[in-house]
Amino acid sequence: AASARAWHGQLDQALAAYERAREEGSEGLPEGSPAMRALAVAGNNLAVMLERRPDRDARQTAAMVEIADAALDYWKQAGGWLEVERALYRCARSRIQAGRLLEAIDCAERGLRTCEQNSAPAYERFFAHVVAAAACRAAGRLEEFELMKVRSAGQYGALSIEERASCRDEVAELGLDDARAKLMSLA
């Protein structure tokens, strides 16, 4: 219900519905319950909607971070390393939007470690490096930003044409065409 209300522009009702669902779930969901996955997906979707909202107020900003964290917790129970890594990406993005930049960097670094520990494919590593770069840039850590940008470009170079098509926004966000050219000149 929370996702449906959010897609219909009823954000406050969506947040209330999600909170009610979390309260009901806090009484204990059985292991493997499909409700955990539903709460994870809905939390991720709500966090994205709040991130994209230009007129988000302080209450909604706090809810955005809390919901991204809740989705991560549910993915830890209902998913595997891939879902956890993607939830860490969302936690980092939400924190960037909330101005909680050191926390964003921490989430991004945890996502990168998850990729490393699980021999993640280039596609996942690309997004993990992109969010790390975005967090570093937002925090004013420009040397780290440049390093993550070049690493993002390296992962991008390993993607298939189909995978690259879904990365346009990230390529534009970081100006990866320039970073990729720099990487190629070093080879």
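**Exercise 1.** What volume does the second largest pocket have, and which residues line the second largest pocket?

*Solution.* The model is predicted.
Step 1. The volume of the second largest pocket is about 170 Å³.
Step 2. Its lining consists of Ala 6, Trp 7, Gly 9, Leu 11, Asn 45, Val 48, Met 49, Arg 52 and Arg 53.
Step 3. Two elements, α1 (2–7) and α3, give two or more residues to this lining, and α3 gives the most, with three residues.
Step 4. By residue class, the lining comprises five nonpolar, two polar and two charged residues.

**Exercise 2.** Describe the lining of the largest pocket.

*Solution.*
Step 1. The largest pocket has a volume of about 710 Å³. It is lined by 26 residues, of which Val 48, Tyr 89, Arg 90, Arg 93 and Glu 170 are the closest to its centre.
Step 2. At least two lining residues come from each of α3 (34–51), α5 (81–98), α7 (122–138) and α10 (168–174). The element that gives the most is α5, with ten residues.
Step 3. Eleven residues of this lining are nonpolar, three are polar and twelve are charged.

**Exercise 3.** How many disulfides does a search of the whole structure find? Why does Cys 136 form no bond with Cys 107?

*Solution.*
Step 1. The search finds zero disulfides. For Cys 107, the nearest cysteine sulfur belongs to Cys 91 and is 5.0 Å away, whereas a disulfide requires two sulfur atoms within 2.5 Å.
Step 2. The closest cysteine sulfur to that of Cys 136 is in Cys 107, but a bond is excluded because the distance of 13 Å is too far.
Step 3. Cys 107 counts as buried because its relative accessibility is 4%. Cys 136 is likewise buried, at 4% relative accessibility; the cut-off for buried is under 20%.

Key
Residues numbered from 1 in each chain as written. Predicted model: local features only at pLDDT ≥ 70, side-chain atom pairs only at ≥ 80, totals over all residues. Heavy atoms only, no water. Buried < 20%, exposed > 50% of the residue type's maximum accessible area, 1.4 Å probe, protein only. 1 Å grid on protein atoms, 1.4 Å probe; cavity = no way out; pocket = protein on both sides within 12 Å on 5 of 7 lines; lining within 4 Å. Points joined across faces, edges and corners; volume = space filled by probe spheres on them. Helix = DSSP H or I, 4+ residues; strand = E, 2+ residues; numbered from the N terminus. Nonpolar A, V, L, I, M, F, W, Y, C, P; charged D, E, K, R; others polar.
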